[in-house]
Amino acid sequence: LVEAGGGTLPLEPVRRLVDGIDTNGALVVVRTKSSAASTVARALDEANFPEVMGTLAGDDTVFVAPRRPQDGRRVATKLRALFGLA
């Protein structure tokens, strides 16, 4: 587990589910294995990152909404580091 905001991110169980993380500066997109997006989104939501307002999961994509639009790049960098994609 990795401390994140007010909670912990169960990193090991979800780390292998994440294929990539990208951002346009305002929104962060997390690409996952097929059918894994809801699991990854739930882990991110439970981590209670203070800079993340929420997530929206599809089948293999999670949209992460930063609390402030200008924080997208910082959130993406943090998530890449946590998921071992830095």
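This is a short dialogue on reading strand pairing and salt bridges in a predicted model.

Q: Where do I start with the strands, and how do S3 and S4 run?
A: Find residues 18-23 for strand S3 and residues 28-32 for strand S4. The two run antiparallel, joined by 5 bridges.

Q: Which residue in S4 is the bridge partner of Ile21?
A: Val30 is the partner of Ile21.

Q: What do S3 and S4 form, and how many residues lie between them?
A: They form a hairpin, with 4 residues between the strands. Look at Gly25 in the turn: its phi is positive, about 100 degrees.

Q: Now the charged side chains. Why can they pair?
A: Side chains of opposite charge can pair when their charged atoms come close. In this structure, a search of the whole model finds 6 salt bridges.

Q: Which side chain does Lys33 meet in a salt bridge?
A: Lys33 meets Asp19, at 2.6 Å from N to O. Asp19 sits in strand S3, and Lys33 in the loop between S4 and helix H2 (37-47), so the pair ties together parts 14 residues apart in sequence.

Q: Are Lys33 and Asp19 buried or exposed?
A: Buried means under 20% relative accessible area, and exposed means over 50%. Lys33 has 39% relative accessibility, so it counts as partly exposed. Asp19 is partly exposed too, at 44%.

Q: Where do Arg42 and Glu46 lie?
A: Both lie in helix H2. They are 4 residues apart, about one turn of the helix. Their side chains meet in a salt bridge of 2.5 Å, N to O.

Q: Is Arg42 buried or exposed, and what of Glu46?
A: Arg42 is exposed, with a relative accessible area of 55%. Glu46 counts as partly exposed, at 41% relative accessibility.

Q: Which side chain does Lys78 meet in a salt bridge, and where are the two residues?
A: Lys78 meets Glu51 at 3.2 Å, N to O. This pair links distant parts of the chain, 27 residues apart. Lys78 is in helix H3 (residues 72-82). Glu51 is in the loop between H2 and strand S5 (52-57).

Q: Is Glu51 buried or exposed, and how does Lys78 count?
A: Glu51 counts as buried, at 10% relative accessibility. Lys78 counts as partly exposed, at 31%.

Q: Which residues are linked with Glu51 and Lys78 in a network of salt bridges?
A: The network also holds Arg68, Asp71 and Arg74. Trace it in the structure from Glu51 and Lys78, the pair you have just met.

Technical notes. Residues numbered from 1 in each chain as written. Predicted model: local features only at pLDDT ≥ 70, side-chain atom pairs only at ≥ 80, totals over all residues. Heavy atoms only, no water. Pairing = 2+ DSSP bridges. Salt bridge = Lys/Arg side-chain N within 4 Å of Asp/Glu carboxyl O. Buried < 20%, exposed > 50% of the residue type's maximum accessible area, 1.4 Å probe, protein only.
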